[in-house]
Amino acid sequence: MTGNNRSTAGDIILEVRHLNSYYENSPDAGSHESMFYTHREQILHDVSFEIRKGDVLGLVGESGSGKTTLAKVLLGIARDYNGEVIHHTSFPQMVFQDPFSSLNPARSVGWILEEPLRALAKRSREEWIPRTKAQRRELVRETLHAVGLEDEYLDRKPRELSGGQRQRISIASCVITRPRLIIADEPVSALDVTIQAQILELLKQLKERYSLSYLFISHDLNVIYHICSRVMVMRSGSIVEYGDTKTVYRHPKHPYTQSLLRDAM
Amino acid sequence: MKKTGNPYLLTGGILSALLTAVIITGFFWTPYSTTAMNAKEKLQPPSAAHWFGTDNFGRDVFSRVMQGAGTSFLIAALVVVIGCSAGILIGSVCGYFGGTADLILTRICDTITAFPAILLALVIVSITGSSVSNIVLALGILFIPSFARVVRTQYAGIRNLNYIKAARLQGVRTPRILYTHILPNTLSVLVPAMTIGFNNAVLAEAGMSFLGIGIQPPEASLGTMLRDSQNYLATAPWYALGAGFSIVLLILSFSLMSEGVQNLDAQN
């Protein structure tokens, strides 16, 4: 993590300035080749943006445009970058696209939701963090209700849940540590259309309840329109359009955005 | 746990339970003394008094099988414990972190595997002297690579799954990720590997004792009994059968159980 944790009076929670990121294109680790040569490729080109408190920033672009790489840089997973990434609040959490691999199959829902709290209790002294098992269970139950599930799910294993239910649990395990920012990488694109609407609605509710901001990554312009206040269009690692959702959708400036919108209609 | 449609687990479980019961009894009590010789009753065929007959010293074969199976069982169990725990440690670190250390450790494991395990164990034990602890240690170390390889593959796959990425983002510490988050997900592969390892260890110990570099008389092990019985194969086949049959039964029951566990996993 090379991002700083500066506190400012303003309501900016994440700043990104002139970010360039690179990817070591090496063959599989463990093979002979990986020891001897790698190929370093630039993925992101001069990316700058900011996320304010309460923002839902949409990130659109086709696959391979660098959306997930940007998320990885923000989360400190990809470390090969230059430029500034400044987190003004606690570290962001992430909701993944595939709800079938985002929950530990060997553990129960209750355990999965308690785990972030146990980890947090070890490294933070903040007041609200539950310290006893009973307090943790209470908060887990409360969060489970907040994502629209009942107590009976606590003892279930992920394989007993549907895709939508799993995604609710994933979201719960993110909000339970009270982050300010959640990065959602295609959180609904693996789900049925009806379930998609429910999850989007849930994300909106949780945003108000926990005063969250989202970086919402999607290739689906309709989904973005439904939930995002601002939108950022990415192509080959560069941001080609960045502005209010309504403005961008009505008056797209860049030809790429225009063609994306035309295709989506 | 579903009982229907899993005959392997049922037969394997019952057989292993019975065998384990007999073996544990053998630690404390046997029908006859395992060392007392009786010249009048030597090489008796199986009878109501001596279920498996008697050997060339007039000792009760069944009593000696009980004790010998106990020795073999203990050695095999300890070998699996050593091999498995070290294998988990090495395999998890290699699989999770990858990189150069993984490359080197994997190559070392491959090198060890390239030699026949029994041959290496024979060499080690003939140098260090044949005691139970030396046999256990030699076999235990030689069994590490087989476990390490299985565990490594699992960890290398699971480390890239989203739930592990999520755990890292949540700030869960690496040792906890390795052994609380990932390890339970490797059990479906690890349990069969342990039963197979156990079987191999039983065979390895029997093989070493058969060759005379294992358990030393008068203590009984299934391997030493097999070796002693070969001179009487024509005149007293029950002697060899008692020991051989026990080895087969021990291995069969654990193989069945491992098969059953795998089926159980496939059902879920």
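This passage walks through the two chains of a predicted model, their contact and their shared features.

Chain B is the simple one to describe, at least on paper: its secondary structure amounts to nine helices and zero strands. Read from the N terminus, the elements go α-α-α-α-α-α-α-α-α. The C-alpha trace of chain B spans about 75 × 50 × 30 Å along its principal axes. Of the 268 residues in chain B, 45% are buried. As for how the chain folds back on itself, take the contacts in chain B between residues at least 6 apart in sequence: 71% of them join residues at least 24 apart.

One long-range pairing in chain B is worth a look. Leu10(B) sits in helix α1, which covers residues 7-28 of chain B. Its C-alpha atom and that of Gly260(B) are separated by 7.7 Å, although the two positions lie 250 residues apart along the chain. Leu10(B) has 15 C-beta neighbours inside 10 Å, so it counts as partly exposed, since a buried residue needs 20 or more.

Next comes the nonpolar core. The largest one has 135 residues, and the members with the most contacts inside it are Phe216(A), Leu139(B) and Ala201(B). Helix α2 of chain B (residues 61-97) gives the largest share of this core, 16 residues. As a general matter, nonpolar side chains tend to be buried together in soluble globular proteins. Zooming in on Leu139(B), and leaving aside its neighbours within four places in sequence, the contacts are Val79(B), Ala121(B), Ala201(B), Ala204(B) and Glu205(B). Ala201(B) thus turns up in this list as well as among the core residues with the most contacts.

The contact between the chains takes 21 residues from chain A and 17 residues from chain B. On the chain B side, helices α3 (99-114), α6 (162-169) and α7 (174-210) each supply at least two residues. The largest share there, five residues, comes from α6(B). Sorted by class, the side of chain B that touches chain A has eight nonpolar, eight polar and one charged residues.

Chain A, for its part, has strands to talk about. An open sheet of three strands runs in the order β2-β1-β4 (chain A), with antiparallel pairing. Its edge strands are β2 (40-52) and β4 (81-87) of chain A, each of which pairs on one side only. Neighbouring strands of the sheet are turned by 15° against each other on average, direction ignored. Strand β1 (residues 12-24) of chain A pairs with β4(A) in the antiparallel sense over six bridges. For a concrete handle on that pairing, Leu14(A) has His87(A) as its bridge partner in β4(A).

Finally, two backbone oddities in chain A. Most residues other than glycine have a negative phi. Arg178(A) goes the other way, with a positive phi of about 50° although it is not a glycine. Its place is the loop between α4 (163-175) and β6 (181-185) of chain A. With 17 other C-beta atoms within 10 Å, Arg178(A) is partly exposed. Glu186(A) also has a positive phi of about 50° without being a glycine, and lies in the loop between β6 and α5 (193-209) of chain A. Glu186(A) has 20 other C-beta atoms within 10 Å and is therefore buried, because the cut-off for buried is 20 or more.

Conventions: Residues are numbered from 1 along each chain as its sequence is written. Chains are lettered from A and ligands numbered from 1 in the order in which they are written. This is a predicted model: local features need pLDDT of at least 70, side-chain atom pairs count only at pLDDT 80 or more; totals for chains, interfaces and linings use all residues. Two strands pair if DSSP finds at least two bridges between them. Helices (H or I, at least four residues) and strands (E, at least two) are DSSP runs, numbered from the N terminus. Axes are lines fitted to C-alpha atoms, for helices over the stretch in contact, and angles run from 0 to 180 degrees between N-to-C directions. Two residues are in contact if their C-beta atoms, placed from the backbone, lie within 7 Å. Ala, Val, Leu, Ile, Met, Phe, Trp, Tyr, Cys and Pro count as nonpolar, Asp, Glu, Lys and Arg as charged, and the others, Gly among them, as polar. A residue is buried if 20 or more other C-beta atoms lie within 10 Å of its own, exposed if 12 or fewer, and partly exposed in between; C-beta atoms are placed from the backbone. A nonpolar core is a set of buried Ala, Val, Leu, Ile, Met, Phe, Trp, Tyr and Cys residues joined through C-beta atoms within 7 Å.
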